[in-house]
Amino acid sequence: MLDRIRSFLAVLEAGSVNRAARQLGIAQPTLSRHIQSLEQEIGGPLFERDNKGMLPTDLGFHLRDSFEPIIKNYDLALADVCAFAQGRQQQLRVGYLGMAASKFLNPALSKLKAAHPDIQLLLFDQTPAEQLQALQAGKLDVALIGQEGAAQTNDFYKRRAAKLGVCAALPAEHPLAAEPELSLAQLKGERFIGVTPKDVPGRNHWMSELCSQAGFKPRFIRNSESVTETFTLIAGENAVTLLPDYISSPPPPGVVFCRLTDKWAHWELFVLRQRGRGSAPARQLVDWIGI
């Protein structure tokens with residue numbers, strides 16, 4: 001069926017069986033039989049045939065939308081497996097935390113492309129939980145992840161890429177908002193916004209541990225599912241949260257960042273890759289992130 005679907009997609013793109021046959025290098029009757037056989041198997045016409053050429057039916061468009069991504073993924077997967085079998089990996093799949101990419105990942109990717117100009121980079125902006133799941137399923141080669149996610153597993157090679165400070169995100173109207181720096185103890189009694197554990201496992205525990213060192217237990221009133229939602233909740237609920245200070249962009253309206261002065265308050269960024277020898281590009285990327 002795979003060959004028949006490829007034939008269908010070729011005819012759809014070319015607009016005629018004759019042109020598609022020439023492009024594929026097969027006989028026109030053979031290509032026509034492929035289309036007819038596919039129509040019989042699916043149970044309906046895929047094209048309207050007239051003197052202008054082959055126009056897809058609604059069923060044809062639906063088949064294209066359903067199977068074109070599958071065919072492309074199949075081709076990528078096959079090329080990747082063949083390259084791996086021949087001792088070369090033309091593709092590198094990298095998961096990352098979106099907010100940390102510009103400062104830590106992008107410079108390393110530039111070096112990698114300079115060293116391996118032919119490599120195909122597949123980049124996935126994912127939550128820590130999604131990165132861990134993809135690594136465990138063998139769908140990622142490298143992951144850029146926070147200390148909370150890295151602590152969840154010992155199944156992969158890991159290296160600390162950076163040790164960062166911590167900042168507090170406060171409502172713009174907060175009495176401490178005018179202070180560029182503050183100690184964590186000053187947030188005792190505040191309402192905290194946490195993070196949904198299924199997306200960022202361990203983040204709330206990290207915040208609780210920091211607050212414990214400052215002498216209090218944080219009162220979490222809500223968990224957010226994204227950074228954008230966190231900022232909305234801070235402004236709307238008059239609450240606070242703690243963030244690694246890798247965020248280089250200014251905060252959105254209604255929110256301010258204040259760096260913590262506590263020397264023990266830090267957050268670590270890790271890079272993980274599959275164990276074993278791995279490909280040279282994967283090993284190099286891990287070594288270059290954070291340098």
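**Cysteines and the largest pocket**

Trainee: How far is the sulfur of C211 from the closest cysteine sulfur?
Mentor: Look at C167, since that residue holds the closest cysteine sulfur to C211. Keep in mind that we're working with a predicted model. The gap is too far for a bond, at 13 Å.

Trainee: And C258, which residue has the cysteine sulfur closest to it?
Mentor: The sulfur of C258 has its closest cysteine sulfur 8.4 Å away. A disulfide needs the two sulfurs within 2.5 Å, so that separation is too far for a bond. The partner in that pair is C167.

Trainee: Are C211 and C258 buried or exposed?
Mentor: The cut-off for buried is under 20% relative accessible area. C211 comes out at 0%, and C258 also has a value of 0%. So C211 counts as buried, and C258 is likewise buried.

Trainee: How many disulfides turn up in the whole structure?
Mentor: A disulfide is a covalent link between the sulfurs of two cysteines. C211 is too far from its closest cysteine sulfur for that, and C258 is too far as well. Searching the whole structure gives a count of 0.

Trainee: Switching to the largest pocket, which element gives the most to its lining?
Mentor: The pocket has a volume of about 430 Å³ and 25 lining residues, with L97, V200, S226, V227 and Y246 nearest its centre. At least two lining residues each come from α5 (98-115), α8 (203-213), α9 (227-237) and β11 (241-244). With 4 residues, the top contributor is β11.

Trainee: How many of the lining residues are nonpolar?
Mentor: Split by class, the lining has 7 polar and 5 charged residues. The nonpolar count is 13.

Conventions. Residues numbered from 1 in each chain as written. Predicted model: local features only at pLDDT ≥ 70, side-chain atom pairs only at ≥ 80, totals over all residues. Heavy atoms only, no water. Buried < 20%, exposed > 50% of the residue type's maximum accessible area, 1.4 Å probe, protein only. 1 Å grid on protein atoms, 1.4 Å probe; cavity = no way out; pocket = protein on both sides within 12 Å on 5 of 7 lines; lining within 4 Å. Points joined across faces, edges and corners; volume = space filled by probe spheres on them. Nonpolar A, V, L, I, M, F, W, Y, C, P; charged D, E, K, R; others polar.
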